[in-house]
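User: Please take a close look at one loop of this protein and at the sheet beside which it is described. I am in my first year, so please explain each step in plain terms.

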Amino acid sequence: MTKSRVFALIACTALTLAGQAPVPASQTTPAKAGASTAKASGRVSIKGVDYYYEVRGKGEPVLMLHGGLMSTDMFGSVLPAFTASGRQVIAVDLQGHGRSTLGNRPIRCEAIADDLAALVQRLGHSKLDVLGYSFGGCVALRLAVQHPDRVRRLVLVSTPYADDGWYPEMRPQQKQVSAAMFPMMKDTPMYKTYAAVAPKVDDFPRLLDAMGDFMRQRYDWSTEVAKLKLPVMLVFGDADMTRPEHEIKFYQLLGGGLKDAGWNREAMPRNRLAILPDVTHYEMFATPRLAETVLPFLNGQSGARSWADQVKAQTASAKP
């Protein structure tokens, strides 16, 4: 199996594509007042996992969750857009990833979601927006399902609601992920970035085993998705790893794409679906269009006006 195929199996790409190299936890510094790029960092131990988190910027908080075998560093190229728009970003290294420990329990989105609910509470937030990409989107979805009182708005990026959402040829390959891949990965940027910050570098083979076990699990959360009451935005690339028909079904489960919205937007659904052109699964987290697409939704804004409003504005401007 080639190294490029290993990357595809785990639904991520080298961290260097994110435009920011990881920084050892020992080099992080408290945020300076008014400095959106400065960061404060810390750790919270929950149920046998020592979670690392970073906080950047000021304003309405948004929890950002990275993809598989990545870390908070993957958001390096898009994070400034969030802080510059008046958002406080809380980024967490998920179980076994980046600077967080692996522990001795299986990796499951449901369990990590419970952990994060406790983590954000300890940080003093009763409710916040959540954005998750791929594996992080799995955790974000479970956080909204299991703790809807903690999530104000939810953005799921390149995330299926069921394991059959991936293209069928990917599933057998994902099931092969294990520690046996470690020898071929030792010289890859993926492992090198992990080794630069991980609290226990020797855990990488165990992490591969844990992620392989996670990806061999079957799941279908369609029933729970249909019951979500909070606003949700789905974002995919037009060349993503998920099947287009699954993306549309996901949106329909949320109440979108079922009928025409009406000339006056009277039947406009609350939730949103975005398909970004010329974007694959492997660069989704780094494209500037991600922030441009999701920030209006997270801020409860819409740049669109109904036909009636446009006509009214044109009529008013035409009067002498």
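Analyst: **The loop and the sheet**

L69 is located in the loop between strand 3 and helix 2. The model examined here is a predicted one. The backbone at L69 has a positive phi of about 60°, although L69 is not a glycine. Is L69 buried or exposed? Its relative accessibility is 8%, and buried means under 20%, so L69 counts as buried.

The loop between strand 3 and helix 2 (79-84) also holds G76. With a relative accessibility of 16%, G76 likewise falls under the 20% limit and therefore counts as buried. Which residue lies 7.8 Å from G76 in space, although 210 residues separate the two in sequence? That residue is A286, and the distance is taken from C-alpha to C-alpha.

R265 offers a second example of a positive phi, again of about 60° and again in a residue that is not a glycine. R265 is placed in the loop between helix 10 (244-253) and strand 8. R265 has a relative accessible area of 28% and is partly exposed, whereas L69 is buried.

The discussion now turns to the strands. Strands of a sheet pair through backbone hydrogen bonds, in either a parallel or an antiparallel sense. In this model, an open sheet contains eight strands in the order 1-2-4-3-5-6-7-8, and its pairing is mixed. Why does one side of strand 1 and of strand 8 lack a neighbour in the sheet? Strand 1 (39-46) and strand 8 (272-280) stand at the edges and have a single partner strand each, so one side of each is left without a neighbour. On average, neighbouring strands of this sheet are turned by 20° against each other when direction is ignored.

In the order of the sheet, strand 3 stands between strand 4 and strand 5. Strand 3 (residues 60-65) pairs with strand 4 (residues 87-93) in the parallel sense over six bridges. Within this pair, V62 has V89 of strand 4 as its bridge partner. Strand 3 also pairs with strand 5 in the parallel sense, over four bridges, and here L63 stands opposite V130 of strand 5.

How many of the residues of strand 5 (residues 128-133) are buried? Six of its six residues are buried, and strand 5 is thus mostly covered. Strand 5 pairs in turn with strand 6 (residues 151-157), in the parallel sense and over five bridges. G132 stands opposite L156 of strand 6.

Two further places complete the picture. The buried residues of helix 7 (residues 189-197) are M190, Y191, T193, Y194 and V197. Viewed down the helix axis, these buried residues fall within an arc of 165°, so they line one face of helix 7.

The second place is the largest pocket, which holds about 210 Å³ of space. Of its 13 lining residues, R272, P296, F297, Q301 and S302 are the closest to the centre of the pocket. Helix 11 (residues 288-298) supplies three residues, the largest share of this lining. By type, the lining consists of four nonpolar, five polar and four charged residues.

Technical notes
Residues numbered from 1 in each chain as written. Predicted model: local features only at pLDDT ≥ 70, side-chain atom pairs only at ≥ 80, totals over all residues. Heavy atoms only, no water. 1 Å grid on protein atoms, 1.4 Å probe; cavity = no way out; pocket = protein on both sides within 12 Å on 5 of 7 lines; lining within 4 Å. Points joined across faces, edges and corners; volume = space filled by probe spheres on them. Helix = DSSP H or I, 4+ residues; strand = E, 2+ residues; numbered from the N terminus. Nonpolar A, V, L, I, M, F, W, Y, C, P; charged D, E, K, R; others polar. Buried < 20%, exposed > 50% of the residue type's maximum accessible area, 1.4 Å probe, protein only. Arc of directions from axis to C-beta. Pairing = 2+ DSSP bridges. Axes fitted to C-alpha atoms, helices over the stretch in contact; angles between N-to-C directions.
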